[in-house]
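User: I would like to go through the strand pairing in this structure, one step at a time. Please keep the answers short.

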Amino acid sequence: MYLEEFQKWADEIDTFCLPENEHEEKIIQVVDLRHFIECYKPSLTIIDCLNHKINIVSDLGVRKGIVFFDYKEISKAEAHSFLYESAALEDFKKESGIEELWFVFVKEQNDINDEEIFEFTAAKQLTDFYNKIFIFHFFPSIIHELN
């Protein structure tokens, strides 16, 4: 991980005066984003990863939104329903100038069956809202693109 960049974002998070659990979520969001970029496409640059659940990056001048979704949260999916509501996502894309949306399932281990992810993707119709869907096996640093 690029320590200087991480430190910059971590310092920025500290200025938000967030409750401890939200502070921890934002740190995890930055770590997930930075590690995903390192593994998938190091040329991506972070524009904003603090103000929303959807991270904004630039890919050769094209703005993309990336959502990280912890595999362990599938059973609590309704708490994150705005991530698969077409009107909310379209509004966010327009407001932030995003041309593509990516959905990334984050898993700590590579040996867990992905069937639950496929079922969730179909049930929530993620392919209708997201241009790319990935499974990111965090610790072995493996990324699988589903579509």
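Analyst: This is a predicted model. In it, β2 and β3 run antiparallel and are joined by six bridges. A hairpin is formed by these strands, with two residues between them.

User: Which residue in the turn of that hairpin has a positive phi, and of about how many degrees?

Analyst: The turn belongs to the hairpin of β2 and β3. Its residue with a positive phi is L60, at about 55 degrees.

User: Which residue in β3 does I56 stand opposite?

Analyst: β2 covers residues 54-59 and β3 covers 62-70, and the two strands run antiparallel. Opposite I56 in β3 stands G65.

User: Do β3 and β4 run parallel or antiparallel, and how many bridges join them?

Analyst: One bridge pairs D70 with V106 in β4. The two strands, β3 and β4, run parallel, and the number of bridges joining them is seven.

User: What is the order of the strands in the open sheet, and which are the edge strands?

Analyst: The sheet has six strands with mixed pairing, in the order β1-β2-β3-β4-β5-β6. Pairing on one side only marks the edge strands, β1 (45-48) and β6 (142-145).

User: Over how many bridges do β5 and β6 pair?

Analyst: F134 stands opposite E145 in β6. Strand β5, residues 132-137, pairs with β6 in the antiparallel sense, and the number of bridges is four.

User: What angle does the direction of helix α2 make with that of β5?

Analyst: Helix α2, residues 20-40, packs on the sheet and touches β1, β2, β3, β4, β5 and β6. Its direction and that of β5 make an angle of about 100 degrees.

Notes
Residues are numbered from 1 along each chain as its sequence is written. This is a predicted model: local features need pLDDT of at least 70, side-chain atom pairs count only at pLDDT 80 or more; totals for chains, interfaces and linings use all residues. Side-chain values use heavy atoms; hydrogens and water are left out. Two strands pair if DSSP finds at least two bridges between them. Contact means heavy atoms within 4.5 Å. Axes are lines fitted to C-alpha atoms, for helices over the stretch in contact, and angles run from 0 to 180 degrees between N-to-C directions.
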